[in-house]
Amino acid sequence: MKKSPLNILKWSVLGLLALIVVAAIGAYLMVRSAGHPQVDGNMKLPGLTAPVTILCDELGVPYIFAANTPDLIRAQGFVTAQNRLMQMELFRATWRGELAATFGADALPSDIRMRVLGIRRNGDLHALKLDPAARAFFQNYVDGVNAYVEGYRTEHPIELKAAGLVPKPWSVADLIALIHYVHYTHATNFTAEIVAQKLIDKLGFDRAREIFPLTGNPDWTARSSSNQAPAVRTDWAKLDVDWSDLAIAPETLNHQGLGSNNWAVGPSRSASGKAMVSNDPHLDNRMLPGTWHPVGLFSPDIQVVGAALPGMPGILVGRTRHVAFGVTNAYGDVQDLYVETLDPADATRYLDAGRSLPFEVVTESIRIKDKAAEGGFREHPLKLRYTKHGPVITDHPGLWPKGDKLLVLRSTDAEVLAPVTGIEGLLTAADAAAFDREVQKIDLMMFNFVFADDQGTIAHRATGAVPIRAGADGGYPRLPATDGSDDWTGFIPKDRMPGMINPARAWVGTANHDTRPQDFPWYYTTYVAPNYRYTRIGQVLGAGKQMTVDDHWKLMHDDRNLQSDKLRPAIVAALKDDPAQRDLAAILEKWDGVDRADQAAPLIYQALYREIALGTFSDKLGDELAKEMLSTWYFWQQRFDALVATPDSAWFDDVRTPDRRETLADVIRGAAPRARATLEAAQGKDPSAWLWGKAHTLRFVSPLRREGAGQELLGGFTLERSGSGETLNRGVYDFQKFFDVKYFASMQLVVDFGDPDKIEAILAGGVSERLFQAHQNDQAKLWAAGQRRPWWFNPRQAEANAKSRVVLSP
């Protein structure tokens, strides 16, 4: 029978589709098998003094067994590169300011920011100052990384090629630069200083001070004048500064959200009769496989399990033979902005105490990938100018009023280059007291360490070299000393940094809050988290008895929003008699203040909270500046609570209606229609059908497909989340891009010294970065379900639960 043209076309199309499907399956299988890491058998690691065994459990967590510590750290570098080489290369390209060479002009602002900050230069200089023992510690790790980079190129992840990254040998300076990069991510004070300066420019100093950050430690038994606020400086200048003026403007004006919870309980509160430690660092961990790399480390001197940053030897969170520890961001203020003046007679110089001094000038070139350019690249010249305080970050003709002002960033990471980094001794500390001495050596990472030992001691210590300032407050840009002297007069003694040991209450904890002890004699910071999370920790631990791992795990998932207690009663009172809004008031009146994904009340509250804050400040600051300030959550939240407690405050009065005096209730009534319109547009007209989780979603993504269709094929997935920025179960969203979750628990961990076999933990991600591999996102799925898994501390248990074995030979 002769086939019709239509049938021929039909079968041709079907045949083509079949070929496409076969080709797609073949490509998928090829990609799935390509770059697959070796997890069984023998591999070579030059430089070892004896064979090293690597066992991996069902989650791919590596447990490394070596005959000595140098071999152990060398093998850690090797295994980390095997699992996270692309992530490490992306990190390095970021802090070196070399992203544009791979990703084109879109990455140029990031490269300029890193070059101005000088992270690579500072890391290079710091590496030269390390003592022999510290250098050897890092060199062993570097040697392991390079052995994998150079010796196993055929095994490298295909993601590297897809991203256009070509691995190159690593150096000790690269690892030290990572520590400087962590310093930068911790030291966000300069962003808050710019917000403060913009408020000064808009309102004048005295009026701006009224809404500067409010700090205070809930543990204080009485508020002395020294604790209520830092000493107020009188040196200030009007600059009319804008974010576009800054060579190091942040990628987003929204608060970075770096946070975390950690706590420890003493034996008297533990069911096991031993100390316990819990930690859940809050980061933007959406990009798989996540920030942390879990590892077990075993040698005659070391028995460790926990989580490390790829590119950093040892661990930052976990358990050693005698000590368990976790970290949060302490936000110690280690940066200042200086308002410098150009020499009116010579723009190549600046004035310092009446003297004309030359800028130090450094010229660099940034390579940019550009298909239209000859050879596929073009160069972007960059001139960096420095005063004695640091790099000029407004490097253009000048700021208001005469165009003769410049902002200069001073930061401890350019000045405090010690012979040790402070992480070298964390793995071998014999007890809590020894561990405290080791963390006091850390200059460039502003952590709150909470730790405990196997003898029952519990403790907290803030780290970092925090300057002692003449003139105290570092919350807004300062003028250089008129006599040319250095207004950084020293550093807070490390053994006087915020901390405590074995308090009578038998628990310690931090949640990025103000941890200064009563009558602390030095300025420490003006930028810390509000007290809601820390207060909630205290409520639960203070009543805790016979606590188990389950109890601590439950607390990490606690969704109680204490901030809502400040504002919710005022909302209900203002709206309950309004026919158009009383349904919202009724829902909030019944709400228990728990941010559950399956309820409407948390969504209504968060929408109103935003709009009430905007309604309070927009008339006085303008919409743009109000959003900029409110985007920096820690800057305003606790101050706003204080305003709410005074509902007739002048800050609630609308300056656009001079014939009326508005109160908080008026602001709430004005905010409600705006909040309702936003939620109706997203979830329909019926408030009882609205759901917090439908709006408050978290999306895990691959670095190769961050937006658009196809993310799920590369391991990504989306889930609805309980919690909020104010709860222990963290879910911070960008103020201007509500309500998608951006910052959350990147991992969760509980250590019970009564359990000799394991710690219990989970990553919001996986061990391996490789696409189509189970360990890219397997822990993220368990994390999403609230589950946990054992990470083995007992070597026998690591052996018994091993699913693969590799022997590294010299």
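In this predicted model, Phe717 counts as buried, since its relative accessibility of 16% falls under the 20% cut-off. Its ring has a partner: Phe700 and Phe717 form an aromatic pair with 5.0 Å from centre to centre. The planes of these two rings meet at 35°, and the arrangement is tilted. Phe700 is buried as well, with a relative accessible area of 0%. Phe700 belongs to strand 23 (residues 697–700) and Phe717 to strand 24 (residues 717–720), so their contact ties together parts of the chain that are 17 residues apart in sequence.

Aromatic pairs occur elsewhere too, and a search of the whole structure finds 42 of them. One of these joins Tyr331 and Tyr634 in an edge-to-face arrangement, with 85° between the planes and 5.6 Å between the ring centres. Here the partners come from parts that are 303 residues apart in sequence, because Tyr331 sits in the loop between strand 9 (323–329) and strand 10 (335–343), while Tyr634 is found in helix 19 (residues 633–644). Both tyrosines can be placed in the buried class: Tyr331 has a relative accessible area of 3%, and Tyr634 has a relative accessibility of 4%.

Rings can also be followed through their charged partners. Arg410 lies over the face of Trp488, at 3.9 Å from the ring centre. A second tryptophan, Trp553, has the charged end of Arg788 over its ring, 5.5 Å from the centre.

How values were computed. Residues are numbered from 1 along each chain as its sequence is written. This is a predicted model: local features need pLDDT of at least 70, side-chain atom pairs count only at pLDDT 80 or more; totals for chains, interfaces and linings use all residues. Side-chain values use heavy atoms; hydrogens and water are left out. Rings of Phe, Tyr and Trp (its six-membered ring) pair if their centres lie within 6.5 Å; planes under 30 degrees apart count as stacked, over 60 as edge-to-face and the rest as tilted. Helices (H or I, at least four residues) and strands (E, at least two) are DSSP runs, numbered from the N terminus. Buried means under 20% relative accessible area, exposed over 50%, partly exposed in between (1.4 Å probe, protein chains only). A charge sits over a ring if NZ of Lys or CZ of Arg is within 6 Å of the ring centre and within 35 degrees of the ring normal.
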